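Student: Please take one helix of this chain and look at it closely, with enough of its surroundings to place it.

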Amino acid sequence: TERVLLAPWRRFAAGEALAKRPSATLLSAVVLTAILGGVAPGTLGAVLSGLATWSLFAAPHDALGPAWPSGQIAAGVYGALAALDLYLIHAAFRALDRLQAEQARANGLVERQRTMVAELQHRVANTMQFASSLLAIEKRRVAADPACAPAALDEAVERLRTMARVH
């Protein structure tokens with residue numbers, strides 16, 4: 001709000017260069033206030049600036065309101081531009097909030113996927129270890145009695161098939 005309070009002083013300090021465009025100073029104050037402080041302070045700044053424009057757009061210094069019709073039109077344009085600026089800033093803040101929420105959701109999904117891949121790798125490693133142990137048992141059996149090699153391999157294959165059906 002201090003920018004809003006300083007805006008008329010800057011306008012008068014700039015002299016005639018801004019005399020015909022006071023909204024350039026005031027709208028910049030509204031936009032900066034809304035961006036830095038949020039839409040509510042920006043709205044307050046717009047209202048305070050609107051009250052300041054009431055006197056800034058006045059043709060004679062002793063008039064109570066803007067000169068007709070140029071002052072009325074200028075005040076209306078200022079109000080429309082201030083409202084548009086505030087709406088666009090509000091929409092940008094909402095879009096940013098949605099983007100941050102979506103990024104948080106995506107990060108959660110990535111973390112969940114990493115956990116699932118790690119679990120899958122662990123299960124595959126356990127299954128391979130089980131198959132390796134089963135074949136080692138059959139190898140000892142074949143070493144003791146080489147004639148039972150085909151039966152031992154058939155039995156190992158059947159055990160692996162049974163395990164595959166269970167999982």
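Tutor: A contact here means heavy atoms within 4.5 Å. The model is predicted. Among contacts in the chain with a separation of 6 or more, 51% are between residues 24 or more positions apart. The chain has 5 helices and 0 strands, and its elements run α-α-α-α-α from the N terminus on. Of its 167 residues, 22% count as buried.

The helix for a close look is α5, residues 149-166. At 1.5 Å a residue, its 18 residues should span 26 Å, and the end C-alpha atoms are 26 Å apart, so the expected and modelled lengths agree. The buried residues of α5 are Ala152, Ala156 and Met163. These cover an arc of only 35 degrees around the axis, and therefore lie on the same side of α5. The other side of α5 carries exposed residues: Pro150, Asp154, Arg161, Ala164 and Arg165.

As for the surroundings, the largest nonpolar core has 9 residues in all: Leu26, Leu27, Val30, Ala34, Ala46, Tyr78, Ala82, Leu86 and Ile89. Both α2 (22-37) and α4 (70-144) supply at least two residues of this core. Within the core, Ala46 touches Val30, Tyr78, Ala82 and Leu86, leaving aside residues up to four places away in sequence. Over the whole chain, about 11800 Å² is exposed, and carbon and sulfur atoms supply 65% of that area.

How values were computed. Residues numbered from 1 in each chain as written. Predicted model: local features only at pLDDT ≥ 70, side-chain atom pairs only at ≥ 80, totals over all residues. Heavy atoms only, no water. Helix = DSSP H or I, 4+ residues; strand = E, 2+ residues; numbered from the N terminus. Expected span 1.5 Å × (residues − 1). Buried < 20%, exposed > 50% of the residue type's maximum accessible area, 1.4 Å probe, protein only. Arc of directions from axis to C-beta. Core = buried A, V, L, I, M, F, W, Y, C linked by side-chain atoms within 4.5 Å. Areas by Shrake-Rupley, 256 points an atom, 1.4 Å probe, with all protein chains shown as cover.
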